[in-house]
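Trainee: I am new to this structure and should be grateful for a close look at a single part of it. Please take the sheet, and then what lies around that part.

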Amino acid sequence: MAQPLTTPISAGIMPDASASTTSEASATTMLDHRSLDSEAIREARRDLAACFRMAAALGMGEGICNHFSVMVPGWNDRFLVNPYGLAFEEITASSLLICDFAGRVLSGEGAPEATAFHIHARLHLNKPGARAAFHTHMPNATALTMTAGEPLLWAGQTALKFYGRSVVDDHYNGLALDSAEGDRIAAAMGDADVVFLRHHGVIVTAPTIAEAWDDLYFLERAAEVQLKAMSSGREVLAVDPAVAATTAAQMRLEDPESARLHLASVRRRLERVAPDYAD
């Protein structure tokens, strides 16, 4: 199902609307000689690697497919992403690649998976606030992309974390093997933080790695408990919309700090059971 990105992307074959932006980003990449090995970047590598490892432990990966990315601290034209060929449970901090928006690998061994590049590069380019972008086919959330109607029924408290923050992309077009499809997904996502890709999976975007991880984790939990309720054969009762909106706002106030503590707990757990994630 997966395949590597075999050649850098020329700005000349990008959609016209983004060609100038891509050319500017590429020019910046060529002229910018700052170190790609600062402590902030090393910490981002460790945080992102921890997310991969915990996602694997929780059954949220799928073979060597699916991908997480984050903009490199201090840059707006390059991002960290997992290399093609490694399962989530194999990812280490040093194995992550740094790529630019033209598809050049600036740091690391190997190449990104093709759909990883075309989705993530265009998300980061078109949604500047999306510093982190996590894409999975995690089973429960993906199951809801395959059912009619809105994926979340707003029946459980955990689901309310995403009330007013998610959209559905109903236009499944097969594999995202060109930048035009990445642009289309970014446009479909709009200002939402979460998109359910019909027949496909989900993407979560956030300003930080910790917030992306927190949302990904709780999205799968919300989907899991909803599917259990649906399978009971009894009517699933939605929360009153006014109460749902109020609860969602309450949750958002604490989200950044709660997410930071959540990721810190993940790293402590990994230090005990799989410390090589930070290598």
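Mentor: The account below begins with the sheet, follows its strands, and then turns to helices and loops.

This is a predicted model, in which local features need pLDDT of at least 70 and side-chain atom pairs count only at pLDDT 80 or more, while totals for chains, interfaces and linings use all residues. Residues are numbered from 1 along each chain as its sequence is written, and side-chain values use heavy atoms, with hydrogens and water left out.

Eight strands form an open sheet with mixed pairing, in the order β4-β3-β2-β1-β5-β8-β7-β6. Helices (H or I, at least four residues) and strands (E, at least two) are DSSP runs, numbered from the N terminus, and two strands pair if DSSP finds at least two bridges between them. The edges are β4 and β6, each of which pairs on one side only. From one strand to the next, the twist averages 25 degrees; axes are lines fitted to C-alpha atoms, for helices over the stretch in contact, and angles run from 0 to 180 degrees between N-to-C directions.

Consider strand β3 (residues 97-100) in detail. In a regular strand the side chains alternate between the two faces of the sheet. Here Leu97 and Cys99 point one way, Ile98 and Asp100 point the other way, and all are buried (under 20% relative accessible area, with exposed meaning over 50% and partly exposed in between, for a 1.4 Å probe and protein chains only). Strand β2 (residues 78-81) runs antiparallel to β3 and is joined to it by four bridges; Arg78 stands opposite Asp100. Strand β4 (residues 105-107) also pairs with β3 in the antiparallel sense, over two bridges, and Val105 in β4 is the bridge partner of Cys99. The hairpin of β3 and β4 has four residues between the strands, and Gly103 there takes a positive phi near 95 degrees.

Further along the sheet, β5 (residues 132-136) and β8 pair in the antiparallel sense over five bridges. Ala133 has Thr205 in β8 as its bridge partner. Helix α2 (residues 39-57) lies across β1 (67-71), β2, β3, β4 and β5, and runs at about 160 degrees to β1.

Two packed helices are described by the angle between their axes and the distance between the axes. The axes of α3 (residues 114-126) and α5 (residues 179-189) come within 8 Å and cross at roughly 50 degrees. That makes α3 oblique to α5 (angles under 35 degrees count as roughly parallel, over 145 as roughly antiparallel, 65 to 115 as roughly perpendicular and the rest as oblique). His118, Ile119, Arg122, Leu123 and Asn126 in α3 meet Ser179, Gly182, Asp183, Ile185, Ala186 and Met189 in α5, where contact means heavy atoms within 4.5 Å.

Helix α7 (residues 241-273) holds His262, which is buried, with a relative accessible area of 16%. Leaving aside neighbours within four places in sequence, His262 is in contact with Trp213, Asp214, Tyr217 and Phe218.

Two loop residues remain. Trp154, in the loop between α4 (139-145) and β6 (166-169), has a positive phi of about 55 degrees although it is not a glycine. Because its relative accessibility is 18%, Trp154 counts as buried. His199, in the loop between β7 (194-197) and β8 (201-206), is not a glycine either and has a positive phi of about 65 degrees. His199 counts as exposed, because its relative accessibility is 51%.
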